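This report concerns a single protein model and describes selected side chains, a nonpolar core and a pocket. The sequence and the structure are shown first.

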Amino acid sequence: MPDIENLWGDLSELPDMDLPKHILNAQKEYLESSLKGLVLADVKQVNDSGRIKISFTVFPANNEDMAQELLSVTHGGGIYPAIVKCSVEPVGEDRAEDDESFKRVVHRILSSKEAKHTVNKFRLIAIS
């Protein structure tokens with residue numbers, strides 16, 4: 001086969017971005033570390049027909065059966081835009097166009113009074 005030149009151009013200039021699953025895994029680690037393992041989180045990914053759904057659930061360390069989803073995100077192969085569904089009050093749906101807007105939506109949900117109430121409830125259950 002003859003030598004064929006690179007038709008891709010410079011691949012070193014491809015932009016980096018934070019993937020939704022990586023962002024949620026980082027939040028899982030922050031939660032578990034901050035609460036010394038009393039409240040745990042689970043980040044699960046399901047691939048279905050070209051769509052990816054990632055759920056973020058929390059539960060007391062001593063009772064995984066009490067797991068409650070705080071949010072889920074669904075996206076296609078293009079990653080963004082992504083649809084973020086809030087599972088705590090007020091239940092709703094947001095569209096994140098990129099990783100920065102995804103982080104803003106996740107911050108709004110995780111720092112909400114309702115999400116913190118759920119986490120605190122599970123912390124108290126874990127220490128009882």
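## E32 and its surroundings

Apart from neighbours within four places in sequence, E32 is in contact (heavy atoms within 4.5 Å) with G37, V39, L40 and A41. E32 belongs to helix 1; helices (H or I, at least four residues) and strands (E, at least two) are DSSP runs numbered from the N terminus. With a relative accessibility of 18%, E32 counts as buried, the classes being buried under 20% relative accessible area, exposed over 50% and partly exposed in between (1.4 Å probe, protein chains only).

The E32 side chain also makes a polar contact with the side chain of K28, at 2.9 Å. A polar contact is a pair of N or O atoms within 3.5 Å; within protein, one must be able to donate a hydrogen and the other to accept it, and residues adjacent in sequence count only if both atoms are side-chain atoms.

## Basis of the model

The model is predicted: local features need pLDDT of at least 70, and side-chain atom pairs count only at pLDDT 80 or more, while totals for chains, interfaces and linings use all residues. Residues are numbered from 1 along each chain as its sequence is written, and side-chain values use heavy atoms, with hydrogens and water left out.

## Nonpolar core

The largest nonpolar core (buried Ala, Val, Leu, Ile, Met, Phe, Trp, Tyr and Cys residues joined through side-chain atoms within 4.5 Å) has 26 residues, and L24, F56, V58 and F102 have the most contacts inside it. Among the elements that give two or more residues to this core are helix 1 (20-34), strand 2 (51-60) and helix 3 (113-127). Helix 2 gives the most, with four residues.

Leaving aside neighbours within four places in sequence, V58 is in contact with ten residues' worth of partners that include L31, V39, L70 and F122.

## Two loop residues

S112 lies in the loop between helix 2 and helix 3. S112 counts as buried, at 14% relative accessibility, and its side chain reaches the backbone oxygen of I109 at 2.7 Å.

N63 lies in the loop between strand 2 and strand 3 and is partly exposed, with a relative accessible area of 27%.## Pocket

The largest pocket is lined by residues including Q27, F56, V58 and H107. A pocket is an open set of points on a 1 Å grid over the protein atoms alone where a 1.4 Å probe fits, with protein on both sides within 12 Å along at least five of seven lines; lining residues have an atom within 4 Å of a point.
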